Amino acid sequence: MKLLLATAALALILPAAAFGAESNRADSTLEARIRQADGWAAWNVPMIPDAGMPCCFSGNDHGRGRGGCDLDDHNHGFSTSDDARPPTTGTLTVYAHVAHARIDDVRAYDATCPVRSKTDIRLIDGVVPAESIAMLSSWLDGPEGVHDDEALAAIAFHADAGATRLLAERAEPTHTRKQREDALFWLGQARGADGAAIVERFATTGDDPKLREHAIFALSQSHAGDSYARIHAIAESDPSDHVRSQALFWMAQMKDARAAADITSALNNESSKEVREQAVFALSQLETDQADDALISLLRGNYPRDVKKQALFWLGQSGSTRAMQFFDEALTRSR
């Protein structure tokens, strides 16, 4: 059967009969309304601003490479774009698939994201964010949803404070490691200043270095406040060598103008060989010109031999004109 292109935007304007739109069901729970017929059901809720556009993109240009999402593709996935075209409408469309009267899959995309399905999509109207979040939370606790990677993302994009509270609760030790890590990621990615504050708490407290490390990554994804400064503070204070190393790495990834000087300063203060090595590697991950200048400064400066050895290696990996000029000059002086 030829694939039908359906978007949530079209769902709002096409005749309700085309999607089996339901009405007069105010006394029914959302889950009951979803399960009334097999196939895909969809509903719209306000989407949190400034979290990017969730859709399926192709290529490296997420703004122009939006290919749309195939609901029937079992190997599905989505990403977000901060440079979305066309502009987002501020509406999130949540999709749930029903088979034999049981929900077995959920998705959520920006309402302008083109969505394909072999069958019609049944629109459920009048859904409020709180009941949408509650339904998705219930789904996560069931046998089908416990390993679902997209349900927490769907919750995260709801423009409702209840989504932040739910994600914070899912990050607690009473849940699986995978769910805790996913919750922290989406708190950092989508939930603004409130989400960043929660992630920072997990990044700076607790006895599990692995979870602190993941929280640092999640914090690096936040656009709220000065997340870089928060991670820099962790790089200077965490008791774990590995966690401090990872903090330095994510500082380098954040494209912050302070990174080169701060990471170099860490080299002067660190007693751990592991952290020093990772700091040099972090410097190599800066933008090419910044990285080359930082590594050359280490080679010319008064640093331990192990630091200079690492700097020499990573400068050689650069292959840039600036790096080759430095090697030519060094070899010429040594003759």
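# Reading a predicted model, feature by feature

The protein chain of this predicted model has a secondary structure of 15 helices and 9 strands.

User: I'm new to this one. What does the chain average in pLDDT, and how many of the residues score at least 70?

Analyst: Think of pLDDT as the predictor's own confidence in each residue. Here the protein chain averages 85, and 83% of the residues score at least 70.

User: Where does pLDDT stay under 50?

Analyst: One such stretch is residues 1-27, where the model has 46 contacts beyond four places in sequence. Another is residues 60-65, with 12 contacts of that kind.

User: Now the overall fold. What share of the residues is buried?

Analyst: A residue is called buried if its relative accessible area is under 20%. In this protein chain of 335 residues, buried ones make up 50%. As for the outside, the chain exposes about 16200 Å², and carbon and sulfur atoms supply 51% of that area.

User: And what share of the contacts joins residues at least 24 apart?

Analyst: Contacts can link parts of a chain that are far from each other in sequence. Take the contacts between residues at least 6 apart: 67% of them join residues at least 24 apart.

User: Let's try a pocket. How much space lies in the second largest pocket, and which residues lie nearest its centre?

Analyst: The general trick is that rolling a probe the size of a water molecule over the atoms shows where empty space is left. In this model, the second largest pocket holds about 220 Å³ of space. Its lining has 11 residues, and Glu31, Arg102, Ile103, Trp139 and Pro143 are the ones nearest the centre.

User: Which elements supply at least two residues each of that lining, and which gives the most?

Analyst: Strand E7 (102-110) and helix H3 (129-140) each supply at least two. H3 gives the most, with 3 residues. Sorted by class, the lining of this pocket has 4 nonpolar, 3 polar and 4 charged residues.

User: Can we zoom in on glutamate 31? Where does it lie, and what is it in contact with?

Analyst: To read a single residue, place it in an element first, then look at its partners. Glutamate 31 lies in helix H2, residues 30-34. Leaving aside neighbours within four places in sequence, glutamate 31 is in contact with Ile103, Met135 and Ser138. Tryptophan 139 is 108 residues away along the chain, yet its C-alpha atom is separated from that of glutamate 31 by 9.3 Å.

User: Why does glutamate 31 count as partly exposed?

Analyst: Partly exposed covers what falls between the 20% and 50% cut-offs. Glutamate 31 counts as partly exposed because its relative accessibility is 31%.

User: What about backbone angles? Which residue in the loop between E6 and E7 has a phi of about 55°?

Analyst: For phi, check the sign and then the residue type. Histidine 100 has that positive phi of about 55°, although it is not a glycine. Histidine 100 sits in the loop between strand E6 (91-99) and E7. Alanine 101 lies in that loop between E6 and E7 too, and its phi is near 65°, again a positive value in a residue other than glycine.

User: Why is histidine 100 exposed, and alanine 101 partly exposed?

Analyst: Histidine 100 counts as exposed because its relative accessibility is 70%, over the 50% cut-off. Alanine 101 has a relative accessible area of 35%, so it is partly exposed.

User: Now some helix residues. Is serine 245 buried or exposed, and what does it touch?

Analyst: Serine 245 lies in helix H10, residues 241-253. It is buried, because its relative accessible area is 0%. Not counting residues up to four places away in sequence, serine 245 touches Glu274, Val275 and Gln278.

User: And arginine 276: buried or exposed?

Analyst: Arginine 276 is in helix H12 (residues 273-284). With a relative accessible area of 13%, arginine 276 is buried. Beyond four places in sequence, arginine 276 touches Leu267, Glu270, Ser271, Asp306 and Val307.

User: One last residue: what is isoleucine 231 in contact with?

Analyst: Isoleucine 231 is found in helix H9 (residues 227-237), and it counts as buried because its relative accessibility is 0%. Setting aside neighbours within four places in sequence, its contacts are Ile216, Leu219, Ser220, Ala247, Met251 and Met254. Leucine 248 is 17 residues from isoleucine 231 along the chain, and their C-alpha atoms are separated by 8.0 Å.

Note on methods. Residues are numbered from 1 along each chain as its sequence is written. This is a predicted model: local features need pLDDT of at least 70, side-chain atom pairs count only at pLDDT 80 or more; totals for chains, interfaces and linings use all residues. Side-chain values use heavy atoms; hydrogens and water are left out. pLDDT is the predictor's confidence in each residue, from 0 to 100. Contact means heavy atoms within 4.5 Å. On a 1 Å grid over the protein atoms alone, a cavity is a set of points where a 1.4 Å probe fits but cannot get out, and a pocket is an open set with protein on both sides within 12 Å along at least five of seven lines; lining residues have an atom within 4 Å of a point. Grid points are joined across faces, edges and corners, and a volume is the space filled by probe spheres set on the points. Helices (H or I, at least four residues) and strands (E, at least two) are DSSP runs, numbered from the N terminus. Ala, Val, Leu, Ile, Met, Phe, Trp, Tyr, Cys and Pro count as nonpolar, Asp, Glu, Lys and Arg as charged, and the others, Gly among them, as polar. Buried means under 20% relative accessible area, exposed over 50%, partly exposed in between (1.4 Å probe, protein chains only). Accessible areas come from the Shrake-Rupley method with a 1.4 Å probe; for residues, only the protein chains shown count as cover.
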